[in-house]
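Got your viewer open? Here's a quick walk through one chain, stop by stop, with a note on what to select each time.

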Amino acid sequence: MVGRGWEKSLPQGPERAELFGRTHYIFEVREVFGFGLLLLSIIQRLPVASKTGLTQFLFGSAATLLSSDITLILTVAALLCLILTLFWKEFKTMTFDIAFSRSLGIPVRYLDVLLTTLIVIAIVIVIMILIMI
């Protein structure tokens with residue numbers, strides 16, 4: 001509630017759009033995550049047996065980690081690093097200035113999809129690593 005009150009006190013209209021851009025998504029994610037934690041705490045307080053292992057299912061456990069999981073994480077991370085190294089100059093040029101990249105003949109659309117895919121895979125790897133901890 002405090003966060004919503006703070007958000008309402010911010011400027012409205014075009015000033016708000018210029019000030020925050022797409023950061024309003026952060027507010028939405030914050031609310032969904034908070035609501036999920038609220039539901040988790042309510043479910044854990046219920047006197048039923050079906051809640052067993054809910055925390056380990058949601059947040060993971062190092063006890064359920066297999067050596068094949070570690071091998072998979074390391075292999076995918078190495079592959080990501082290799083692709084990033086091979087296309088480093090193109091990615092750097094593309095993220096700095098798209099018009100300049102197009103003028104050099106770099107296929108910006110394909111590299112943008114590739115870079116976005118690499119970022120998504122990297123995020124999944126980080127989540128898997130955090131689950132292990």
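## Stop one: the whole chain

Start with the surface switched on: the accessible surface of the chain comes to about 10600 Å², and 73% of that belongs to carbon and sulfur atoms. Keep in mind as you look around that this is a predicted model.

Now flip to cartoon view. You'll count eight helices and zero strands, so to speak an α-α-α-α-α-α-α-α run when read from the N terminus. Colour by burial next: of the 133 residues in the chain, 13% count as buried. If you like contact maps, take the contacts between residues at least 6 apart in sequence; 44% of these join residues at least 24 apart.

## Stop two: where H5 meets H6

Select residues 67-86, which make up helix H5, and then residues 88-96, which make up helix H6. How do these two helices pack? Their axes are 4 Å apart, at an angle of about 70 degrees. Angles of 65 to 115 degrees count as roughly perpendicular, and H5 and H6 therefore fall in that class.

Show side chains at the junction. On the H5 side, pick Ile 83, Leu 84, Thr 85 and Leu 86; on the H6 side, pick Trp 88, Glu 90 and Phe 91, which they meet. Sorted by class, this contact has five nonpolar residues, one polar and one charged.

## Stop three: the aromatic pair

How many aromatic pairs does the structure hold? One. To find it, select Phe 87 and Phe 91: the rings sit 6.0 Å apart, centre to centre, with 45 degrees between their planes, and the pair is tilted.

Is Phe 91 buried or exposed? Phe 91 has 4% relative accessibility, and since buried means under 20%, Phe 91 counts as buried. Its partner, Phe 87, is partly exposed, with a relative accessible area of 31%.

## Stop four: Leu 84

Go back to helix H5 and click on Leu 84. You've already seen this residue among those of H5 that meet H6. Leu 84 has 35% relative accessibility and counts as partly exposed.

For the last pick, add Leu 115 and draw a distance between the two C-alpha atoms. Leu 84 and Leu 115 are 31 residues apart in sequence, and their C-alpha atoms are 8.4 Å apart in space.

Key:
Residues numbered from 1 in each chain as written. Predicted model: local features only at pLDDT ≥ 70, side-chain atom pairs only at ≥ 80, totals over all residues. Heavy atoms only, no water. Axes fitted to C-alpha atoms, helices over the stretch in contact; angles between N-to-C directions. Parallel < 35°, antiparallel > 145°, perpendicular 65-115°, else oblique. Contact = heavy atoms within 4.5 Å. Nonpolar A, V, L, I, M, F, W, Y, C, P; charged D, E, K, R; others polar. Phe/Tyr/Trp six-rings, centres within 6.5 Å; stacked < 30°, edge-to-face > 60°. Buried < 20%, exposed > 50% of the residue type's maximum accessible area, 1.4 Å probe, protein only. Areas by Shrake-Rupley, 256 points an atom, 1.4 Å probe, with all protein chains shown as cover.
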